[in-house]
Amino acid sequence: MTRVSGGSAYRSVEACRICGSSELWAFLSLGQTPLANTLVRPLALSSPEPRYPLEVIRCVACGLVQLSVVVDPRILFGSDYAYTTSASAPMVSHFDRYADEIVTKLGLAGQLVVEIGSNDGVLLRPLAQRGARALGVEPATNVARAANAEGLETLNEFFGEDVARRIAAERGPAKAVVANNVLAHIDDLGAVVRSLDALLASDGVFVAEFPYLGDLVEHVEYDTIYHEHLSYFSIGPLQRLFGDAGFAVVDVERQGVHGGSLRIFVARAGRAPSASVRVLADAERRAGLHERAAYERFALRVTESRDSLRGLLAGIRAEGRSVAAIGATAKGNTLLNYCGFTTADIAYIADSTPVKQGMLTPGARIPIRPESALREDHPDFTVLLAWNYTDAITRKFADYVWGGGRFVHPIPLARIMPS
Ligand code: JHZ
């Protein structure tokens, strides 16, 4: 059913997007929130922001954890997208290593590699440097334009079966199709699999990286739940998705980025999976990811996490000390809105992304300033809304800590760093 919220469309999920079951169990609600990457211009301060339910459900049949609503992707990704991957130096290094690894492992030099959701070309760049014929497909106009301006060929479109067929007809089959932090964003996963069938060479491989449900649950990364992330993957539902369509997950690697991610390698059925796939499936069973109790406990830990952060910041503010934050992240907006923070709690957020600076965060309406603000103002405490880059940020701002500044790491329970 399609509904309208403040003029913007979303639909409720009535059936699992992988197996079609209508047995869906809701275990966590983070309230009604605005879209995490839709920053507010200061001049638009008085206009209301559409809010959407942020509720997590689990398919009782196949185990896919997913959101209970799907916001129209044209609203989420269609025009200007605030997130540019290359703004985070650790991600640039990560994708550099990533290119190295897959060019070697899959023999991609001289071969066509298509990346779905290629953002500003953060992976296309090192792939091209290593001799792959890299082509991006990216729906957000601003980031696609930035990639093309750098000579990283990017089609400014939503990826789908028609685009896949067109690429295959014009350039031949792809040796690899890559999708990073994009599979979780796609509603019609069946269409992705059909597109792979149309585009991949017979020995071609699909490589995808996305935040991992196991890490989300274990480390209480509830803030990574927002409307862009429709699915929260574990290995079982993925095996079902690809298995039903004549493909197989043949290898899986755990990666440290974004709080813990999976990188999967998918090939046409017939190739024996490596032991890594079984090892991960066993680990998930042992961790209880197939049982309701794990999610009930997770929901409880989410409220404990929120209460610990609220309590810590309230104590700091009561002592008259100043608080700012670093990283105007998408996940930060889930956290700020769920905790009910305003500028009374966090005065501003420093961020390295030029297009975010000068804007306000959705919902909480906290101003975003350049990173230099932390050095100019020297707030007593800085909340790590980009906690996934704690090492890089604390290294970059070592002078801030020498000057007496302290960071607040918000999850799983809020803590001061260095203590
Ligand atoms: P970062 C993104 O979420 C976007 P976000 C997306 N929705 C997705 O799927 C997930 O990743 C997985 C800034 N920064 O990477 C830059 C500094 O200011 O944690 C970014 O705005 N100084 C596609 O938005 C933000 O923090 C620094 O030193 O939660 C980081 O955003 C560094 C390292 C970053 O992702």
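Visitor: What makes up the lining of the largest cavity, class by class?

Guide: In this predicted model, that lining splits into 6 nonpolar residues, 3 polar ones and no charged ones. The nonpolar group is Ala184, Pro211, Tyr212, Leu213, Leu216 and Tyr232, and the polar group is Thr224, His229 and Ser231. Note that Tyr counts as nonpolar under this scheme, so Tyr212 and Tyr232 go in that group.

Visitor: Why is it called a cavity and not a pocket?

Guide: A 1.4 Å probe fits in a cavity but cannot get out, whereas a pocket is open. The space here is about 70 Å³, and counting from 30 Å³ upwards gives 3 cavities. As for which elements build the wall, α7 (213-218) and β12 (231-232) each put in at least two residues.

Visitor: What classes of residue line the second largest cavity?

Guide: Its lining has 9 nonpolar residues, with no polar and no charged ones. You can check the names: Phe27, Val56, Val65, Leu213, Leu216, Val217, Ile225, Tyr232 and Phe298. Every one of those is of a type on the nonpolar list, so the class count follows. The space is about 40 Å³, and α7 gives the most to the lining, with 3 residues.

Visitor: Val65 and Tyr232 are both in that lining. How do you know what links them in the sheet?

Guide: They are bridge partners, with Tyr232 sitting in β12. Strand β5 (residues 65-67) and β12 run antiparallel and share 2 bridges. Two strands pair if there are at least two bridges between them, so β5 and β12 make the cut.

Visitor: Why is β12 called an edge strand?

Guide: The sheet is open, with 4 antiparallel strands in the order β3-β4-β5-β12. Both β3 (24-33) and β12 have a single partner strand, so each has one side without a neighbour in the sheet.

Visitor: What makes Val220 stand out in its backbone?

Guide: Its phi is positive, about 55°, and Val220 is not a glycine. Most residues other than glycine have a negative phi. You'll find Val220 in the loop between α7 and β12.

Visitor: On to the ligand. How do you know which polar side-chain atoms lie by it?

Guide: The cut-off for a polar contact is 3.5 Å between N or O atoms, and three distances can be set against it. Lys331 has a polar side-chain atom 2.5 Å from a ligand oxygen. For Lys356, a side-chain N or O atom is 2.7 Å from an oxygen of the ligand. Tyr226 has a polar side-chain atom 3.1 Å from a ligand nitrogen. Each value is within 3.5 Å, so Lys331, Lys356 and Tyr226 qualify.

Visitor: How much of the ligand's area does the protein cover?

Guide: On its own, the ligand has 750 Å² of accessible area, and the protein covers 97% of that. Two elements give two or more residues to the shell: α11 (330-339) and α13 (390-396). The shell holds 24 residues, and the closest are Lys331, Asp351, Lys356, Glu371 and Tyr389. By class, the shell counts 8 nonpolar, 10 polar and 6 charged.

Visitor: There's another open sheet, with 6 strands. Why is its pairing called what it is?

Guide: The order is β17-β16-β15-β18-β19-β20, and the pairing is mixed. Strands of a sheet can pair either parallel or antiparallel. At the edges are β17 (368-369) and β20 (415-417), each pairing on one side only. One antiparallel pair is β19 (residues 406-409) with β20, over 3 bridges. In that pair, Val408 has Ile416 of β20 as its bridge partner.

Visitor: Which peptide bonds around β20 are cis, and how do you know?

Guide: Look at omega: the bond joining Ile411 and Pro412 is cis, at about -10°, and Pro412 is in the loop between β19 and β20. The bond from Met417 to Pro418 is cis too, with omega near -15°, and Pro418 is in the segment after β20. Most peptide bonds are trans.

How values were computed
Residues are numbered from 1 along each chain as its sequence is written. This is a predicted model: local features need pLDDT of at least 70, side-chain atom pairs count only at pLDDT 80 or more; totals for chains, interfaces and linings use all residues. Side-chain values use heavy atoms; hydrogens and water are left out. On a 1 Å grid over the protein atoms alone, a cavity is a set of points where a 1.4 Å probe fits but cannot get out, and a pocket is an open set with protein on both sides within 12 Å along at least five of seven lines; lining residues have an atom within 4 Å of a point. Grid points are joined across faces, edges and corners, and a volume is the space filled by probe spheres set on the points. A residue is near a molecule or strand if one of its heavy atoms lies within 4 Å of it. A polar contact is a pair of N or O atoms within 3.5 Å; within protein, one must be able to donate a hydrogen and the other to accept it, and residues adjacent in sequence count only if both atoms are side-chain atoms. Accessible areas come from the Shrake-Rupley method with a 1.4 Å probe; for residues, only the protein chains shown count as cover.
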